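Dear colleague,

Please find the structure below, together with its sequence. A summary of the findings follows it.

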Amino acid sequence: MTAAHLTTPARRTALRRRIRLLVAATITYNVIEAVVAITAGTLASSAALVGFGLDSVVEVASAAAVAWQFSAADHERRERAALRVIAISFFALAAYVTFDAVRTLLGVGEAEHSAPGLVLAALSLVIMPFLSHAQRRAGRELGSASAVADSKQTLLCTYLSGVLLVGLALNSLFGWSWADPVAALVIAAVAVKEGREAWRGDACCAVPAGPEEQADGCAPSCSCCSSSGE
């Protein structure tokens, strides 16, 4: 049973429109986030901030793939291609975060104090979870694995915001430059896991499993639902 069988045509149309709006909002915010983070990071010689800005670019690529998918009347035909783009975005994010974390641990490009960076990270911690949650719910109801995968990308950006905020704060207060890269390596591992699921087209969190599904649309055995941040 697919989610398409559980919703009316009018509801599916509304969900597709909602996803397009959420994706547009995500792209807009991440473009602004990338410009601010890369500029502030360059001025403060902060590799962590520049890396955060590049992560925003990766998120824009992921969201753009979903926007391209839902620009077609029959969005399901583009599902696989969109998932592949999202998976590659996850892998690119993991590769860069790992590279940047290792460089920092080796004493190259340590995160420095940046007031704009701290404000940006705090704002992202407030805004991104709402966008991720709204898109994940709409994607599950519509049965779109790509929309759910992109919402995970957005949620991962939320985690990175937390990593950046903690790393910059600890480095500013105590000089603990190692705190940011260690936490970033954990995020990179999560990104690889999510990328593998997107590449395989794992839609367990998108398509309800029938009578045993939970209230949020997930089957009890769906492991990825438990890690979706709800």
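In what follows, a residue is called buried under 20% relative accessible area, exposed over 50%, and partly exposed in between (1.4 Å probe, protein chains only). The model is predicted: local features need pLDDT of at least 70, side-chain atom pairs count only at pLDDT 80 or more, and totals for chains, interfaces and linings use all residues. Residues are numbered from 1 along each chain as its sequence is written, and side-chain values use heavy atoms, with hydrogens and water left out.

The chain contains 7 helices and 0 strands; these elements are DSSP runs numbered from the N terminus (helices: H or I, at least four residues; strands: E, at least two). Of its 230 residues, 47% are buried.

The largest nonpolar core (buried Ala, Val, Leu, Ile, Met, Phe, Trp, Tyr and Cys residues joined through side-chain atoms within 4.5 Å) comprises 42 residues, and Ile19 and Leu164 have the most contacts inside it. At least two residues of this core come from each of helix 1 (9-43), helix 2 (47-69), helix 3 (79-105), helix 4 (115-142), helix 5 (145-174) and helix 6 (179-200). Helix 5 supplies the largest share, 9 residues.

There is 1 salt bridge in the structure, defined as a side-chain nitrogen of Lys or Arg within 4 Å of a carboxyl oxygen of Asp or Glu. It pairs the side chains of Arg11 and Glu141 (2.7 Å, N to O). Because Arg11 lies in helix 1 and Glu141 in helix 4, the pair ties together parts that are 130 residues apart in sequence. Arg11 is partly exposed, with a relative accessible area of 28%, and Glu141 is partly exposed, with a relative accessible area of 28%.

Yours sincerely
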